[in-house]
Amino acid sequence: MSSLDLFKLDGRVALVTGGTGGLGLVMAQALAEAGATVVMTSRTKEKAVEAAEKLALATGRTALGLAADVTNAEQVESMVRSTVDAFGRIDILINNAGINIRKPIEEYDEASWDLVQGTNLKAPFLCSRAVARLMKEQKYGRIINISSMLGAVGLPERSAYCSSKGGVIQLTRVLALEFAPHNVTVNALCPGPIATELNTVVMNNPEANKLFIDNIAMGRWGRPSEIAGAILYLASDASSFMTGSTLTVDGGWTAK
């Protein structure tokens, strides 16, 4: 087997939450291009189905779109059952669904706080719990939790986001210890300033954009495609001896 063969995902089934747009779609496409069958989820069935059809057409791989609110335990269990019913297994789980609401702490309402925590932290817990027995029985699995560089450093007006993403890193470490005896790895991918729809509000604000650019060692926003290599590494046999770790792709922000 060559070194490049370690990154192949032929025969693997990947489930990507929030996989119909932004980084989720980039990840889903990277997995499909590496050979995986990909299940993409969204809160909206039409959006999920359309994204899966486009992915299948673009890559020639099988893709399935499912509607699921990943903050709802029953819907998460149904999502996992539907995936197993369709393909018999789940080898890769990417907990990608996320949200960011920016407000000063004195203006931060409880509903906004709960929404961010539920989507960013509760959902990875629910999804990981739902695949636990399956992956342990398979004696194989890759769980990748999408955290953020803001899980390691702070930024004003991101109290809910930063705390939720820091929680994701700690959840990753605990799950890695629980899953390790079963040949299942759990790692966190921590993107930095990537030019996605989620960050449009920052990029379109000259003052905020300058703050970001000044803190990025490479002096630019990252391209969504620049996350693809990292996700393939974590999802494949190339990372078979890596678990409980965080992989940061942030253009050098956290190096300062």
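Begin by selecting residues 13–16 and residues 37–42, which are strand 1 and strand 2 of this predicted model; the two strands pair in the parallel sense over four bridges. To see the register, show Leu15 together with Val39 in strand 2, since these two residues are the ones to centre on: Leu15 stands opposite Val39.

Next, add helix 2, residues 45–59, to the selection and look at how the helix packs on the sheet, where it touches strand 2 and strand 3. The direction of helix 2 makes about 170° with that of strand 3.

Now widen the view to the whole sheet. Seven strands form an open sheet with parallel pairing, and reading across it gives the order 3-2-1-4-5-6-7. At the edges you will find strand 3 (63–67) and strand 7 (246–249), each of which pairs on one side only. Neighbouring strands of the sheet are turned by 20° against each other on average, with direction ignored.

Then return to strand 1 and strand 2, paired in parallel over four bridges, before selecting residues 228–235, which make up helix 8. Helix 8 packs on the sheet and touches strand 4 (92–95), strand 5, strand 6 (184–191) and strand 7, while its direction makes about 145° with that of strand 5.

The charged pairs come next. A search of the whole structure finds eleven salt bridges, and a good one to select is formed by the side chains of Asp91 and Arg12, which meet at 3.6 Å, N to O. Asp91 lies in the loop between helix 3 (73–87) and strand 4, whereas Arg12 lies in the segment before strand 1, so the pair ties together parts that are 79 residues apart in sequence. With a relative accessible area of 0%, Asp91 is buried.

For a pair within one helix, go back to helix 2 and show Lys54 and Glu50, which form a salt bridge whose closest N and O atoms are 3.2 Å apart. Because they are four residues apart in helix 2, Lys54 and Glu50 are separated by about one helical turn. Colouring by accessibility sets the two partners apart: Lys54 counts as exposed at 53% relative accessibility, and Glu50 counts as partly exposed at 44%.

Move on to Asp237 and Arg142, another salt bridge, in which the closest N and O atoms are 3.4 Å apart. This pair links distant parts of the chain, with Asp237 in the loop between helix 8 and strand 7 and Arg142 in strand 5, 95 residues apart. Asp237 counts as partly exposed at 31% relative accessibility, while Arg142 is buried, with a relative accessible area of 2%. Finally for the charged residues, add Arg89 to Arg12 and Asp91, and you have the three residues that salt bridges with shared partners join into one network.

The last stop is Ser148, which is placed in the loop between strand 5 (141–146) and helix 5 (159–179). Is Ser148 buried or exposed? At 5% relative accessibility, Ser148 counts as buried. Its side chain reaches the backbone nitrogen of Leu150 at 2.9 Å, which is a distance to draw in the viewer. To show the surroundings from elsewhere in the sequence, select Tyr161, Lys165, Leu189, Cys190 and Pro191, with which Ser148 is in contact once its neighbours within four places in sequence are left aside.

Notes
Residues numbered from 1 in each chain as written. Predicted model: local features only at pLDDT ≥ 70, side-chain atom pairs only at ≥ 80, totals over all residues. Heavy atoms only, no water. Buried < 20%, exposed > 50% of the residue type's maximum accessible area, 1.4 Å probe, protein only. Polar contact = N/O pair within 3.5 Å; in protein donor to acceptor, adjacent residues only side chain to side chain. Contact = heavy atoms within 4.5 Å. Pairing = 2+ DSSP bridges. Axes fitted to C-alpha atoms, helices over the stretch in contact; angles between N-to-C directions. Salt bridge = Lys/Arg side-chain N within 4 Å of Asp/Glu carboxyl O.
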